[in-house]
Amino acid sequence: MNLKPGVGKTTSAVWLAHALYESGMSPLLVDGDPAASALRWSELANGFPFPVIALPVGDVHRRVNDFLGDRQAVVLDAPQLEDHPRIARSIMRYAGEWIVPVTPAPIELDRMAPILGEMADVQSLRAEPARSAVLLNRTNRPEATRTGPDADAREALTERGFEVLDTHIARLDLYAQSFGNPVQAKDSAYMDFAEELMKRQDES
């Protein structure tokens with residue numbers, strides 16, 4: 001989830017779903033964006049090895065379980081909150097973990113303040129609170145989030161009250177140019193992402 005478009009929500013959702021599948025789970029990918037980018041990606045790639053459904057509606061949280069079957073995980077690609085708030089908030093009401101992809105650039109960090117308010121509003125509608133975390137996306141180099149300029153972004157987000165995942169996604173053509181192509185998550189940062197999320201769920 002994020003307020004803005006173009007931060008890597010669909011790329012993260014598609015790669016995460018593949019990583020979960022390659023980890024032995026049977027995921028369902030829900031495309032909640034009216035642009036239907038995840039669904040179109042699956043069509044161009046001649047199908048994903050798991051179901052993808054389009055559900056760009058304001059009551060996603062009431063409908064998802066109708067499609068769940070025996071699936072072990074649901075990955076929801078949310079639209080930007082600023083343009084499609086009803087859909088995005090409905091997805092947040094359903095999802096047990098909210099992931100906010102963020103590029104470690106000053107303009108992106110400046111846009112983060114309203115997200116905490118959105119999170120608090122939706123938490124009040126849930127029976128149980130959701131977990132939430134920032135995924136640093138398009139980082140400058142593999143070590144940058146710990147020792148280089150991206151470390152400043154991690155520190156700034158933490159100071160503002162966000163939990164930042166240990167995993168980060170480097171700025172690579174492998175991810176940036178992957179739309180429409182088959183995905184293999186093995187040995188990628190998204191496999192680390194999936195493993196971190198599963199560990200978080202086990203610990204909760």
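How far apart should the ends of helix 11 be, given its 15 residues at 1.5 Å a residue? Before I answer, please note that this is a predicted model, in which local features need pLDDT of at least 70 and side-chain atom pairs count only at pLDDT 80 or more, while totals for chains, interfaces and linings use all residues. Residues are numbered from 1 along each chain as its sequence is written, and side-chain values use heavy atoms, with hydrogens and water left out.

Helices here are DSSP runs of H or I with at least four residues, and strands are runs of E with at least two, numbered from the N terminus. The expected span is 1.5 Å times one less than the number of residues, so helix 11, residues 189-203, should span 21 Å, and its end C-alpha atoms are indeed 21 Å apart.

Among the buried residues of this helix (under 20% relative accessible area, with exposed over 50% and partly exposed in between, using a 1.4 Å probe and protein chains only) are Tyr190, Phe193 and Leu197. The buried residues of helix 11 pack against helix 1, strands 4, 5 and 6, and helix 10, where contact means heavy atoms within 4.5 Å.

Let me turn to the aromatic rings. Rings of Phe, Tyr and Trp (its six-membered ring) pair if their centres lie within 6.5 Å, and planes under 30 degrees apart count as stacked, over 60 as edge-to-face and the rest as tilted; the count comes to eight aromatic pairs. Trp15 and Tyr175 form an edge-to-face pair, 5.0 Å centre to centre with 90° between the planes. Trp15 lies in helix 1 and Tyr175 in helix 10, so this pair ties together parts 160 residues apart in sequence.
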